[in-house]
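Here is a short report for someone meeting this structure for the first time. It starts with one pair of residues and works outward.

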Amino acid sequence: ASAMATAAARVATPARVAAVHRAAHRWRRHPGSTPATRPDFCARASLTTSSSSATWTPSSSERGRARGVTRWEIARERYHRHFASAPFVASAAASGGAGAAVRDGDGDRTYEAIIVVAGGMTDDGGLPAWVTSRLDFVKEEYDRHVAAKREAPYVVLAGSATPHKPPPLAKGGFLLHESTAMATYLADRGVPRAKMLKDTASMDTIGNAYFTLTSHAIPRGWRDVLIVTSKFHMGRTRAAFEWVWNLYVPSSDGAGAAAGDAAPSAPHVRLSFHATPDDGLDASVIEARAAREAKSEAALRKNATEVTTLAAFAEWQFTTHMCYAVLRQDEIGEFEEMKTDPALKSY
């Protein structure tokens with residue numbers, strides 16, 4: 001057990017994934033092992049997966065031995081969390097900045113806000129199945145907070161439109177924002193409009209991260225936030241939010257820090273992530289989208305090593321990014337690239 005209880009939040013490289021398979025093989029050879037189903041163990045030993053990475057955060061070896069958990073049980077639990085888990089929650093811990101993962105539905109954890117990332121609309125302004133799956137989970141989370149008599153969280157609907165296809169129009173000929181369509185869906189299902197906030201500026205995932213932080217999280221002083229998106233979109237979403245939100249450095253008077261201040265060693269806001277099923281997408285579309293997501297995630301992770309203050313990020317976003325830079329605004333509306341791309345069906 002102690003060999004597995006190493007430092008938290010290690011990325012699962014191909015070699016480490018192979019090690020997980022070897023561990024699974026070991027417990028198969030020892031059928032006498034009891035499955036590691038004790039709640040006190042399962043709540044502490046956990047795994048986070050995304051489109052291109054995985055993090056393993058086991059409980060301490062001392063705690064495991066105290067509960068009689070064998071190394072075969074830990075191997076079994078590790079295997080199932082990596083390869084057979086349902087939609088998951090992953091937390092970026094407020095101490096040390098390491099990603100600490102918890103299983104979906106862990107205890108009675110509550111949040112100050114739940115951010116749901118937009119995922120496109122149909123041509124007539126409807127919401128596709130993978131987006132309604134996100135919203136249905138948000139409704140469940142909101143109701144869970146209310147049932148527990150905790151303060152109801154704000155629900156933030158993040159997204160304006162996509163640069164990959166023309167947006168639908170609302171009444172009066174105005175742009176129908178994705179966040180507006182999502183807000184209507186939740187309002188029709190009982191989430192109070194007064195508890196919903198919109199981001200109507202962002203056109204992509206990095207914009208979702210920036211505008212939800214600067215428009216809502218910083219002014220309201222949030223410290224514990226849950227971010228929801230689909231499984232196929234989770235890797236890029238985590239990369240974007242962990243980069244941008246961890247750049248925020250509050251000053252002693254509650255305002256933002258000086259423009260040049262570097263990001264803190266420990267994030268100011270604790271971020272958690274929940275992935276919902278890729279409903280409504282066939283395998284070929286998910287495969288096409290996965291390739292785009294992996295490329296985008298890698299670019300975000302690389303940029304995060306080079307842009308290390310919120311001021312520098314704003315300069316980067318508003319002078320170089322197609323969706324936000326005046327220098328590139330004429331590129332918006334050129335849809336030829338996406339017309340033959342199967343991934344278009346997921347926007």
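## A facing pair in two strands

Ala 113 stands opposite Val 225 in β9. The model is predicted. Ala 113 belongs to strand β6. With a relative accessible area of 0%, Ala 113 counts as buried, because the cut-off for buried is under 20%.

What does Ala 113 touch beyond its neighbours within four places in sequence? Its contacts are Pro 153, Tyr 154, Trp 222, Asp 224, Val 225 and Leu 226. Tyr 154 is 41 residues from Ala 113 in sequence, yet the two C-alpha atoms are 4.5 Å apart.

## Strand β9 and its partners

β9 pairs with β6 in the parallel sense, over 4 bridges. β9 also runs parallel to β10, and 7 bridges join these two strands. Here Ile 227 stands opposite Phe 273 in β10.

Is β9 enclosed or open? Of its 7 residues, 7 are buried, so the rest of the structure largely encloses β9.

## The largest nonpolar core

In soluble globular proteins, nonpolar side chains tend to be buried together. The largest nonpolar core in this model has 34 residues. Val 225, Phe 241 and Trp 245 have the most contacts inside it. Several elements supply at least two residues each: β6 (113-117), β7 (154-158), α7, β9 (224-230), α8, β10 (270-276) and α10. Which of them gives the most? The answer is α8, with 7 residues.

Val 225 has many partners outside its neighbours within four places in sequence. It is in contact with Tyr 111, Ala 113 and Ile 115. Trp 245 is another contact of Val 225, as are Val 269, Arg 270, Leu 271 and Ser 272.

A second, separate core has 24 residues. Val 116, Ala 118, Trp 130 and Tyr 142 are among them.

## Helix α5

Helix α5 covers residues 129-147. At 1.5 Å a residue, its 19 residues should span 27 Å. The end C-alpha atoms are 27 Å apart, which agrees.

Many residues of α5 are named as buried, including Trp 130, Leu 135, Phe 137, Val 138 and Tyr 142. The buried set also includes Arg 134, Lys 139, Glu 141 and His 145. Against which elements do the buried residues of α5 pack? They pack against the strands β6, β7, β9 and β10, and against helix α6 (178-188). Just after α5, Lys 149 takes a positive phi of about 60 degrees.

## Helix α10

Helix α10 spans residues 310-320, and its buried residues are Phe 313, Ala 314 and Gln 317. Seen down the axis of α10, they fall within an arc of 100 degrees, so they line one face of the helix. The buried residues of α10 pack against two helices, α7 (205-220) and α8 (234-245).

## A loop after α10

Gly 333 sits in the loop between α10 and α11 (336-339). Is Gly 333 buried or partly exposed? Its relative accessibility is 38%, so Gly 333 counts as partly exposed. Along the chain, Gly 333 and Pro 163 are 170 residues apart. In space, their C-alpha atoms are separated by 6.9 Å.

Conventions. Residues are numbered from 1 along each chain as its sequence is written. This is a predicted model: local features need pLDDT of at least 70, side-chain atom pairs count only at pLDDT 80 or more; totals for chains, interfaces and linings use all residues. Side-chain values use heavy atoms; hydrogens and water are left out. Buried means under 20% relative accessible area, exposed over 50%, partly exposed in between (1.4 Å probe, protein chains only). The arc is that of the directions from the helix axis to the C-beta atoms. Contact means heavy atoms within 4.5 Å. A nonpolar core is a set of buried Ala, Val, Leu, Ile, Met, Phe, Trp, Tyr and Cys residues joined through side-chain atoms within 4.5 Å. The expected span of a helix is 1.5 Å times one less than its number of residues. Two strands pair if DSSP finds at least two bridges between them.
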